[in-house]
Amino acid sequence: MLSQKQAEEAMVSSFDDTEQEEREEENKVGHSTFGLKSFLWHGGSVYDAWFSCASNQVAQVLLTLPYSFSQLGMLSGIILQIFYGILGSWTAYLISVLYVEYRSRKEKENASFKNHVIQWFEVLDGLLGPFWKALGLAFNCTFLLFGSVIQLIACASNIYYINDKLDKRTWTYIFGACCATTVFIPSFHNYRIWSFLGLAMTTYTAWYMTIASLLHGQVEAVNHSGPTSLVLYFTGATNILYTFGGHAVTVEIMHAMWKPQKFKYIYLLATLYVFTLTIPSSVAVYWAFGDKLLTHSNAFSLLPNSGWRDAAVILMLIHQFITFGFASTPLYFVWEKVVGMHDTKSLCLRALTRLPVVIPIWFLAIIFPFFGPINSAVGALLVSFTVYIIPALAHMLTYRSASARKNAEEKLPLFLPSWTAVYVVNTFVVVWVLVVGFGLGGWASMTNFIKQVDTFGLFAKCYQCPPPPSAAAAAAAPHH
């Protein structure tokens with residue numbers, strides 16, 4: 001008992017030493033530069049982590065959730081949001097526990113992380129070995145790659161509703177260049193102001209969608225027929241699974257904290273706030289437009305044109321730039337480690353090193369401009385493993401022995417004080433997500449995705465754009 005207490009004290013002392021080093025470093029920065037810049041740029045508190053989690057979790061998916069409601073129906077849409085929100089919060093908690101376990105073990109071996117950002121695949125490697133490292137690296141990097149791709153597609157899709165003089169593919173070229181500037185943001189430690197602004201922007205957009213839909217009222221002969229098919233139902237379900245699976249960057253956000261052991265319940269608190277954005281907006285837009293959403297995956301395409309809508313579009317564009325940075329920064333870290341540039345202090349040299357990561361993201365966004373369907377495909381095939389199945393399995397395997405459970409750095413949560421109960425919950429997560437998320441969701445989302453490719457083709461110039469007036473008039477003219 002005494003040795004366990006000493007170990008806990010050693011861990012706390014180690015974390016406190018790291019925190020002190022980081023604060024001293026920031027004080028140096030604060031003395032040498034303008035104080036406001038230091039305040040806006042350097043964040044490592046629990047509030048910064050909360051803003052990062054809440055801002056990153058909802059992002060552009062806010063605009064596709066009404067589309068999911070049209071596929072699922074109102075009741076299923078609400079229930080699945082709450083269900084996957086709780087499930088996502090649980091696996092984020094597991095990831096935080098495993099991070100603390102890994103870091104405490106390494107720091108007892110006198111490892112220093114002053115110039116090194118710990119990532120999820122390194123946690124898996126340290127706790128479970130090289131096979132799990134490879135598994136985590138493959139799924140995490142692929143998910144984050146397509147997560148970044150989705151942000152570019154969303155940027156082009158949104159700006160088109162303000163300026164349709166350029167097609168969506170051309171806008172993708174432009175925003176690809178803009179988003180490439182995220183290579184200059186060193187780490188999640190430097191997202192303080194961006195995270196705050198990002199959440200303010202999605203809050204405005206969500207309540208704009210809600211109020212605008214209620215003021216607009218229901219369209220003529222509105223119909224709420226969902227769900228009409230299994231393909232549509234499970235496609236919508238996996239989009240919601242994707243919505244609350246934004247914790248692929250949990251480890252990087254924790255590592256940016258001064259006291260990462262305080263992270264445990266931050267993701268749950270962020271999810272509870274996100275519910276106040278996603279549920280009202282999804283319900284209101286689906287109530288107003290019904291089945292029309294089945295052919296309009298971006299809610300902006302149906303909302304009436306106004307200054308309020310234009311403001312929401314612009315704010316979401318800025319937010320998608322921020323979310324692109326959230327999704328791509330872990331990829332930058334991986335690439336830096338591969339080429340041996342991760343510990344360099346030169347910002348310009350690191351930015352130059354990171355640029356090759358942006359090119360495949362840019363290219364894929366031009367090939368697959370399918371905003372809603374790609375969310376579902378990524379959710380089923382990648383998110384299901386990256387942030388649900390792998391963390392649950394890793395937690396069970398890490399603490400499979402009695403000694404590991406006895407010496408665990410983190411105590412069991414108050415609401416599940418039994419290891420048996422924890423294993424039951426983890427097993428349920430693995431089975432449910434494997435069967436419903438990956439199996440049925442993968443089948444449905446890929447069926448829908450292939451349909452989009454067959455309908456619009458690869459490299460689509462303007463996906464789901466209305467035809468020009470001349471073409472529309474010609475199509476409507478009677479044939480003689």
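## Close-up views of selected sites

**View 1. E107, with a relative accessibility of 12%, counts as buried, and its side chain pairs with that of R103.** Buried here stands for under 20% relative accessible area, exposed for over 50%, and partly exposed for values in between, computed with a 1.4 Å probe on protein chains only. The model is predicted, so local features are reported only where pLDDT is at least 70 and side-chain atom pairs only at pLDDT 80 or more, whereas totals for chains, interfaces and linings use all residues. Residues are numbered from 1 along each chain as its sequence is written, and side-chain values rest on heavy atoms, with hydrogens and water left out. R103 forms a salt bridge with E107, with 3.0 Å between the closest N and O atoms; the term requires a side-chain nitrogen of Lys or Arg within 4 Å of a carboxyl oxygen of Asp or Glu. Both R103 and E107 belong to helix α5, where they are four residues apart, about one turn of the helix; helices are DSSP runs of H or I with at least four residues, strands are runs of E with at least two, and numbering starts at the N terminus. R103 is itself buried, at a relative accessible area of 2%.

**View 2. A salt bridge joins the side chains of R105 and E101.** The N to O distance of this pair is 2.9 Å, and both residues lie in helix α5 (residues 74–108), four residues apart, or about one turn of the helix. The two partners fall into separate accessibility classes, since R105 is partly exposed with a relative accessible area of 32%, whereas E101 is buried at 3%. By the rule stated in the legend to View 1, the count comes to nine salt bridges.

**View 3. E336 and R354 form a salt bridge, with their closest N and O atoms 2.6 Å apart.** This pair links distant parts of the chain, as E336 sits in helix α13 and R354 in helix α14 (residues 347–367), with their positions 18 residues apart in sequence. E336 has a relative accessibility of 0% and counts as buried, and R354 is likewise buried, with a relative accessible area of 1%. Through salt bridges that share partners, E336, R350 and R354 are joined into one network. In general, side chains of opposite charge can pair when their charged atoms come close.

**View 4. Helix α9 (residues 192–216) crosses helix α13 (residues 307–339) at roughly 140°, the two axes coming within 9 Å.** Axes are lines fitted to C-alpha atoms, for helices over the stretch in contact, and angles between N-to-C directions run from 0 to 180 degrees. The crossing of α9 and α13 is left-handed, a term for a near helix turned anticlockwise from the far one by less than a right angle, with right-handed used if it is turned clockwise. Among the residues that make the contact (heavy atoms within 4.5 Å) are W194, M201 and Y208 of α9 and W308, R309 and F326 of α13. By class, this contact has 14 nonpolar, five polar and one charged residues, where Ala, Val, Leu, Ile, Met, Phe, Trp, Tyr, Cys and Pro count as nonpolar, Asp, Glu, Lys and Arg as charged, and the others, Gly among them, as polar.

**View 5. Helix α4 (residues 65–72) packs on helix α12 (residues 266–289) at an angle of about 60°, with the axes 8 Å apart.** The two helices are therefore oblique to each other, the class left over once angles under 35 degrees are taken as roughly parallel, over 145 as roughly antiparallel and 65 to 115 as roughly perpendicular. The crossing of α4 past α12 is right-handed. L65, P66, F69 and S70 of α4 meet T278, S281, S282, V283, V285 and Y286 of α12, a contact with six nonpolar, four polar and no charged residues.

**View 6. L381, in helix α15 (residues 371–398), touches F139, F438, G442 and M446 when residues up to four places away in sequence are not counted.** L381 is partly exposed, at a relative accessible area of 30%. The C-alpha atoms of L381 and G437 are 8.2 Å apart in space, although 56 residues separate the two in sequence.

**View 7. The loop between α9 and α10 (230–243) holds P227, which follows a cis peptide bond from G226, with omega near 0°.** A221 lies in the loop between α9 and α10 as well; its phi is near 55°, a positive value in a residue other than glycine. With a relative accessibility of 72%, A221 counts as exposed.
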